[in-house]
Amino acid sequence: MALKTAEQYIESLKDGRVVYFNGERVPDVTAHPVCKITNDWVAMDYLLNNDPRYQELLTDLDEDGERVSFALQPQRTREDLLRLREVVKLWARVCFGKPTGAKFVAKDGLNAVTVVARRVDRKYGTDYAAAVEAYRKYLQKNDLAFAMGLTDVKGDRALRPSEQVQHKDFYVRIVEERPDGIVVSGAKTHISQAPACNEILVAPCRAMRAEDAAYAVAFGINLDAPGITMICAQPEISAEADLFDHPLSRSVYINDATIIFDNVFVPKERIFLKGEWEFAGDVAYMFANFHRLSAETYKAMELELFTGAAALMAEYNGILKKPHVREKLTWLVMYTEAVETLGRAAVEHCVTEEGTQLVYPNPMIANICKFYFADNWHQATKYIQDIGGGIIVTAPSAKDYFNPATHDFMEKYFAGKAGVPTEYRLRMAKLIRDLTSSYEDVLTIHAEGSLEAQKLSIAELADWARYRAAAMRAARIPGSESHPLFAELPPFPPQL
Ligand SMILES: Cc1cc2nc3c(=O)[nH]c(=O)nc-3n(C[C@H](O)[C@H](O)[C@H](O)COP(=O)(O)OP(=O)(O)OC[C@H]3O[C@@H](n4cnc5c(N)ncnc54)[C@H](O)[C@@H]3O)c2cc1C
């Protein structure tokens, strides 16, 4: 089949999957008014892939001459990674900063298992790389939407998977091995757009030890498989929400769902890790490498929108030229462009996986970029909220604005700078409300890995020997001579 149409994708969700939303079973996600928001957003992937204007960027011809999604191809060169960035940018620009989710997160998981499967095969003589490739083909040929199930519910964060006290299912684990596959139980949480996907790629979210071997498991599975239950995330909006009041949250409900695996059978050809605990951390870190790149790419697109909203609101409020506002806007420009530049640098300095033709983003730069944008997000929201004023949260709703009884009052009293339609000022205030919601705050801090996760990686990857040698040389402490960068440097100051 290769490329699906948007209609075929929507049809594919009518498969009897078990989904709960707001306390009720959803018999058909395509007929549910709020789940439909997610489905329509995910469907943009299919609309864009079928649009001749974007096909060259978004799709490739496979060896059978069939058009397939480029996002599902393995990344072999820097140019592939640069192209992937352009793909994510397009997805994000089209969907107001939120890349359409059919392949967005899980492509990074597929890349991660592609790299790590080879490492496991080299050590154990397993055949995981072939299984991953077969799964990749299956996803491509059927143009499936798939979610990434990395984050476990985790229970007590201070305890390892096997040490958990209340029960042993806080991390997804193998509960039974059979000749034809495995049976798994446990739960993954915050899994973006899962109820709108066909498949889920499951992988461990942390490094493991020998005693955690049952938890070192990676596999792909269809989301209508017996034993899978999805509980939708509480949305920011209701089904009645208006696009005027909620321009972002009414357009994109990411639906970061909780997925329960209750004795789910996984056939052996869909297994990519099964007990090789030393590689659990590799999968998690490799996913993070790829996904931080994706996050940095879309975040720069979200930030161009964010900075634009700050500038427009400043103009509408009549304060564009005020010194404190210019200072804040300039800071926002630096923030936006620094995220874009660091994200690109992670690709320019990508790393080739030993013994393969696969590349991945530079982990040091990718982690620094993710940390930088997440750590500064609240500063950015502080600035835009300051520029916008209280109207961001106190403006009456669209129903009042369009009610003849109150419209003229609002038109008169919510006006800002002369010449700017009141409606524009109200619309921009609503956009800023959405952009600075607590959902956006938590998403920016935690999605793609929490701040400490990046700091850990950065500290581990840091070139301490280089930093130390530079300091030793300046302090005239012996030691720097053995570092290749410093060994041959001329003495300084010169003896003239
Ligand atoms: C909007 C959104 C979308 C997401 N989408 C996906 C998705 O599609 N797929 C997916 O797999 N995941 C997804 N995630 C999950 C995301 O990767 C996690 O939220 C993130 O890794 C943090 O994990 P957590 O939420 O369990 O927080 P926690 O791990 O509970 O973090 C809370 C605090 O505890 C600290 N902490 C935790 N453990 C330790 C420890 N052992 N020692 C010291 N400190 C510790 C953390 O540093 C942090 O300060 C998403 C998250 C969000 C918010």
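**Exercise 1. Which residues are closest to the ligand, and which elements give two or more residues to its shell?**

Solution. Start with the neighbours: 19 residues surround the ligand, and the closest are Leu 150, Arg 157, His 190, Ser 192 and Glu 452. Keep in mind that you're working with a predicted model. Next, sort the shell by element: β5 (146-149), β7 (181-191) and α14 (438-446) each give two or more residues. Of the elements, α14 gives the most, with 3 residues. Now look at the chemistry of the shell, which splits into 8 nonpolar, 7 polar and 4 charged residues.

**Exercise 2. Where does the ligand lie relative to domain 1 (6-279) and domain 2 (283-461)?**

Solution. Check which domains supply the shell. Residues come from both domain 1 and domain 2, so the ligand lies between them.

**Exercise 3. Work out the strand order of the sheet that contains β7, then walk through some of its pairings.**

Solution. Begin with the overall layout: this open sheet has 6 strands, ordered β2-β1-β10-β11-β7-β6, and its pairing is mixed. The edges are β2 (24-25) and β6 (173-178), each of which pairs on one side only.

Now step inwards to β1 (residues 19-21). This strand runs parallel to β10 (residues 228-231), and 2 bridges join them. To find the register, look at Tyr 20, which stands opposite Ile 231 in β10.

The next step takes you from β10 to β11 (residues 257-267). Here the strands run antiparallel, joined by 4 bridges. Met 230 faces Ile 259 in β11 as its opposite number.

Carry on to β7, which is joined to β11 by 8 bridges, again in the antiparallel sense. For a handy marker, pick Val 183: its bridge partner in β11 is Phe 265. β7 is also one of the elements that give two or more residues to the ligand shell.

**Exercise 4. Do the same for the sheet that contains β5: what is the strand order, and which strands are at the edges?**

Solution. Read off the order first: 4 strands make an open sheet, β5-β8-β9-β12, with mixed pairing. At the edges sit β5 and β12 (271-274), each pairing on one side only. From one strand to the next, the twist averages 20°.

Then zoom in on the β5 end. β5 pairs with β8 (residues 199-202) in the parallel sense, over 4 bridges. Within that pair, Gly 149 has Val 202 in β8 as its bridge partner. And to link back to the first exercise, β5 is among the elements that give two or more residues to the ligand shell.

**Exercise 5. How do helices α7, α8 and α9 pack: roughly parallel or roughly antiparallel?**

Solution. You'll want two numbers for each pair, because two packed helices are described by the angle between their axes and the distance between the axes.

Take α7 (residues 280-316) and α8 (residues 323-348) to begin with. Their packing angle is about 165°, and their axes are 9 Å apart. The cut-off for roughly antiparallel is over 145 degrees, so α7 is roughly antiparallel to α8. As for handedness, the α7 and α8 crossing is left-handed.

Move on to α8 and α9 (residues 363-388). This time the angle is about 160°, with the axes 10 Å apart. By that cut-off, α8 and α9 are therefore roughly antiparallel to each other. Their crossing is left-handed as well.

Conventions
Residues numbered from 1 in each chain as written. Predicted model: local features only at pLDDT ≥ 70, side-chain atom pairs only at ≥ 80, totals over all residues. Pairing = 2+ DSSP bridges. Near = placed C-beta within 6 Å. Nonpolar A, V, L, I, M, F, W, Y, C, P; charged D, E, K, R; others polar. Domains from an automatic or database assignment. Axes fitted to C-alpha atoms, helices over the stretch in contact; angles between N-to-C directions. Parallel < 35°, antiparallel > 145°, perpendicular 65-115°, else oblique. Left-handed = near helix turned anticlockwise from the far one by under 90°.
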